[in-house]
Amino acid sequence: MAHLSITFCRQLARARREKGMTQSALAQAVACKQSAISMLESGQPEKLSQETVGKIAALLGVPLEPVPAGGAEAPAGSAGYCPNAACFSNIPYAVADALLFWPRPPAAAGRHCAYCGELLERQCPHCGAAVAGGACCPACGGALITNTLPPGTDPAAWAAQRRREIAEWRSLLS
Ligand SMILES: [Zn+2]
Ligand SMILES: [Zn+2]
């Protein structure tokens with residue numbers, strides 16, 4: 001099985017959840033094991049054939065990723081971030097009506113977020129560029145972290161409340 005980027009695997013996971021499909025329902029649809037889907041979504045597609053990954057991507061409406069020009073992995077030293085909007089490592093703020101999340105502090109070298117355990121991302125979910133810190137991609141301007149709050153949430157009010165919670169929580173750690 002060819003290498004798949006974490007970004008692509010995460011896109012599959014997001015697309016599946018957006019469809020309200022369980023891992024086992026997806027596994028049944030493409031005739032593989034639920035554990036293989038779970039592995040795929042965590043960035044380990046080794047249990048699946050290229051053909052099965054193609055079926056999964058087609059079913060979920062996720063375009064297969066192009067073969068990256070310079071290798072799939074971002075440079076080892078590039079900043080990582082937690083893609084979880086609800087994670088305390090991400091400081092939310094509102095610009096006009098858009099809710100953005102600034103990853104603080106940038107993650108260290110590990111694979112998982114020390115705050116919530118989610119797998120860290122090192123590439124822009126929109127264009128695949130390596131990230132350099134900050135809420136938006138330096139190459140395409142897209143928001144790195146998807147706002148997953150329920151529609152109708154007031155961005156400014158939610159962000160202000162969340163920042164107070166994060167500040168209080170961090171004060172307990174110091
Ligand atoms: Zn996290
Ligand atoms: Zn980008």
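**Group meeting: a zinc site, a salt-bridge network and two cores**

I start with one pair: in this predicted model, Glu121 and Arg14 form a salt bridge through their side chains, at 3.9 Å from N to O. Glu121 sits in the loop between S2 and H5, while Arg14 is in helix H1, so this pair ties together parts of the chain that are 107 residues apart in sequence. As for exposure, Glu121 is buried, at 2% relative accessible area. Arg14 is partly exposed, at 22%. The cut-off matters here: buried means under 20%, so Arg14 at 22% does not qualify.

Why can such side chains pair at all? Side chains of opposite charge can do so when their charged atoms come close.

Now, how many salt bridges does the structure hold? The count is 5. Glu121 has another of these, with Arg10, where the closest N and O atoms are 3.6 Å apart. That pair also links distant parts of the chain, with Glu121 in the loop between S2 and H5 and Arg10 in helix H1, 111 residues apart. Arg10 in turn meets Glu118 in a salt bridge, at 3.3 Å from N to O. Helix H1 covers residues 6-18 and contains Arg10, whereas Glu118 lies in the loop between S2 and H5, so this bridge ties together parts 108 residues apart in sequence. Arg10 is buried, with a relative accessible area of 8%, and Glu118 is partly exposed at 21%.

Put these together. Through shared partners, the salt bridges join Arg10, Arg14, Glu118 and Glu121 into one network.

Next, the metal. Which residues coordinate the zinc ion, ligand 2? They are Cys124, Cys127, Cys137 and Cys140, each through its SG atom, at 2.3 Å. The site is tetrahedral, with angles of 105 to 116° among the 4 donor atoms. For reference, the ideal angle for four tetrahedral donors is 109.5 degrees. Along the sequence, the donor residues follow the spacing C-x2-C-x9-C-x2-C. Cys127 and Cys137 are 10 residues apart, and both are in the loop between strand S2 (98-103) and helix H5 (155-173).

Are these two cysteines buried or exposed? Cys137 is buried, at 4% relative accessibility. Cys127 is partly exposed, at 42%.

Last, the nonpolar cores. The largest one has 17 residues, and those with the most contacts inside it are Phe8, Leu12, Leu40, Ile56 and Leu60. Four helices each give two or more residues to this core: H1, H2 (23-30), H3 (34-41) and H4 (50-60). Take Leu60 as an example. Apart from neighbours within four places in sequence, Leu60 is in contact with Leu12, Ala15, Arg16, Lys19, Met21 and Leu26.

There is also a second, separate core of 12 residues, which includes Leu99, Cys124, Leu144 and Trp158. Cys124 has come up already, as one of the residues that coordinate the zinc ion.

To recap, helix H1 holds Arg10 and Arg14, which belong to the salt-bridge network. H1 also gives two or more residues to the largest core. That is what I have for today.

Technical notes
Residues numbered from 1 in each chain as written. Chains lettered and ligands numbered in written order. Predicted model: local features only at pLDDT ≥ 70, side-chain atom pairs only at ≥ 80, totals over all residues. Heavy atoms only, no water. Donors = N, O, S within 2.8 Å, 3.2 Å for Na, K, Ca; no water. Tetrahedral: all angles 85-135°; square planar, octahedral: opposite > 155°, others 65-115°. Buried < 20%, exposed > 50% of the residue type's maximum accessible area, 1.4 Å probe, protein only. Salt bridge = Lys/Arg side-chain N within 4 Å of Asp/Glu carboxyl O. Core = buried A, V, L, I, M, F, W, Y, C linked by side-chain atoms within 4.5 Å. Contact = heavy atoms within 4.5 Å.
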